[in-house]
Amino acid sequence: MTFSAGDYQYMALAIALAKRGLYTTHPNPRVGCVLVKDNEIVGEGWHERTGESHAEIHALKNAGDAANGATAYVTLEPCCHYGRTPPCSEALIKAGVTKVIAAMQDPHDKVAGKGMRQLQRAGIETGVGLLEAEAQKLNPGFIKRMQTGRPYVRCKMAMSLDGRTAMASGESVWITGEAARRDVQHWRAQADCIMTGVGTVMQDDPHMNVRLPGHEKQPLRVVVDSKLRMTADRKMLTQAGETLVFTCEANARLANAEVMTLAATKGRVDLGAVLDELGRRQVNEVHLESGAILSGAMLQAGLIDELVIYMAPVLMGDAGRGLFHLPGLEQMADKLSLDIFEQRQVGQDWRLRARLVNS
């Protein structure tokens, strides 16, 4: 199918609508839908909250009878199976929509092209692939979990201009400015879980929560603690939300937390097994905020999909602590190369977003 300038315009609007569900839809994908008839928008909708109506249903309700004969622009292929809600494909057919354009195919194995084929069998014209790359950016975690069983891991770090994350004493509050710290809250809010290591828990005693006005549900807090050194007086255990601790210790318990024992790899929790378990728990996106040891181990194991690094205009000296603990990198051939795909000033700091391109 050849797409017109108008098609691009309406799909761009559907993508903008989908972003409104950035913090509230997981483990479901973020989806937007626009209904157009005679070159006029007659309905709009987005998936607002898990367990509630999908984007197409909101758009159809918004359009009413005007949906008959309309074209639907949806950022993800309409579902065709019963879950918490009925199939959107059937609702579109019943409403009399004559064309459906999806930005991308749904990677869920219960859909994966079946939704579009059902629409075609009902005589509805279909098209897939309009602004696909932009639609994929809405749901990196959902896509990866459907394809691999594991969540998308986004690692956040803060450093000085000379690459230090803390002073030699361990002091690290605060490297970046207020604007950068506010920005981090948005990354936390769109994640299903916030993950860290026991070293950070015992040294910094973080809350590991989202502090945005009006934000309701807190992400799952995950701690990697091979020897179960974490104590019950930690702040995260005294606040709303759930905490999950992964350890190698058998029959381990910790008040106000779920403790799960996993197999050890060289005396430490198997990090791949951690991600496998989080995937089974329908975690789409992991926000990793940890010290150099855990973040370095995750990076070297190829388990980090994206780095979000805040760089502050300060110098912290030769004795300061480094960004990642990466043993074994001795020759230039051993270096880890990054693809920096975004650079943005946030207050007085700089935010870099990057991906690992070789290991």
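Select Thr 176 to begin. Beyond the neighbours within four places in sequence, Thr 176 is in contact with Ala 158, Arg 181, Tyr 310, Ala 312 and Asp 349. Keep in mind that this is a predicted model. Thr 176 sits in the loop between strand 7 (164–166) and helix 7 (178–189). Is Thr 176 buried or exposed? Its relative accessible area is 11%, so Thr 176 is buried, the cut-off being under 20%.

**Stop 2: a pair of rings**

How many aromatic pairs does a search of the whole structure find? The search finds 1. Select Tyr 10 and Tyr 73 to see the pair. Their ring centres are 5.3 Å apart and their planes stand at 45°, so the pair is tilted. Now trace the chain from one ring to the other. Tyr 10 belongs to helix 1 (residues 5–18), and Tyr 73 belongs to strand 3 (residues 71–74). The two are 63 residues apart, so the pair links distant parts of the chain. Colour both by accessibility. Tyr 10 is buried at a relative accessible area of 11%. Tyr 73 is buried too, at 4%.

**Stop 3: a cis peptide bond**

Go next to His 26 and Pro 27. A cis peptide bond joins them, with omega at about 15°. Pro 27 is in the loop between helix 1 and strand 1.

**Stop 4: a positive phi in a loop**

Select Asp 38. This residue lies in the loop between strand 1 and strand 2. Asp 38 is not a glycine, yet its phi is positive, about 55°. Is Asp 38 buried or exposed? With a relative accessible area of 68%, Asp 38 is exposed.

**Stop 5: helix 2**

Select residues 55–63, which form helix 2. Which residues of helix 2 are buried? They are Ala 55, Glu 56, Ile 57, Ala 59, Leu 60 and Ala 63. Show the surroundings as well. The buried residues of helix 2 pack against strand 1 (32–37), strand 2 (40–46), strand 3 and helix 3. Step just past the end of helix 2 to Gly 64. Here phi is positive, about 65°.

**Stop 6: helix 2 against helix 3**

Keep helix 2 and add helix 3 (residues 88–95). The axes of helix 2 and helix 3 come within 9 Å and cross at roughly 20°. An angle under 35 degrees counts as roughly parallel, so helix 2 is roughly parallel to helix 3. The crossing of helix 2 past helix 3 is left-handed. Show the side chains at the contact. Helix 2 contributes Glu 56, Ile 57 and Leu 60, while helix 3 contributes Cys 88, Ala 91, Leu 92 and Ala 95. Sorted by class, the residues of this contact are 6 nonpolar, no polar and 1 charged.

**Stop 7: helix 3 against helix 4**

Hide helix 2 and bring in helix 4 (residues 114–121). Helix 3 and helix 4 pack at an angle of about 20°, and their axes are 9 Å apart. That makes helix 3 roughly parallel to helix 4. Helix 3 passes helix 4 in a right-handed crossing. Which residues make the contact? From helix 3, pick Ser 89, Glu 90, Leu 92 and Ile 93. From helix 4, pick Gly 115, Gln 118 and Leu 119. By class, this contact has 3 nonpolar, 3 polar and 1 charged residues.

**Stop 8: Gln 282**

Move along to the loop between helix 9 (271–280) and strand 14 (285–288), where Gln 282 is found. Gln 282 has a positive phi near 65°, and this residue is not a glycine. At a relative accessible area of 42%, Gln 282 is partly exposed.

**Stop 9: two leucines**

Select Leu 326, in the loop between strand 16 (321–322) and strand 17 (338–346). Leu 326 is partly exposed, at 23% relative accessibility. Draw a distance from its C-alpha to that of Ala 297. The distance is 7.2 Å, though the two are 29 residues apart in sequence. Not counting residues up to four places away in sequence, Leu 326 touches Gly 296, Leu 299, Gln 300 and Leu 336.

End at Leu 356, in strand 18 (residues 349–356). Leu 356 counts as partly exposed at 23% relative accessibility. Its C-alpha is 7.3 Å from that of Asp 305, which is 51 residues away along the chain. Neighbours within four places in sequence aside, Leu 356 is in contact with Leu 299, Leu 336, Ser 337 and Leu 338.

Conventions. Residues numbered from 1 in each chain as written. Predicted model: local features only at pLDDT ≥ 70, side-chain atom pairs only at ≥ 80, totals over all residues. Heavy atoms only, no water. Axes fitted to C-alpha atoms, helices over the stretch in contact; angles between N-to-C directions. Helix = DSSP H or I, 4+ residues; strand = E, 2+ residues; numbered from the N terminus. Parallel < 35°, antiparallel > 145°, perpendicular 65-115°, else oblique. Left-handed = near helix turned anticlockwise from the far one by under 90°. Contact = heavy atoms within 4.5 Å. Nonpolar A, V, L, I, M, F, W, Y, C, P; charged D, E, K, R; others polar. Phe/Tyr/Trp six-rings, centres within 6.5 Å; stacked < 30°, edge-to-face > 60°. Buried < 20%, exposed > 50% of the residue type's maximum accessible area, 1.4 Å probe, protein only.
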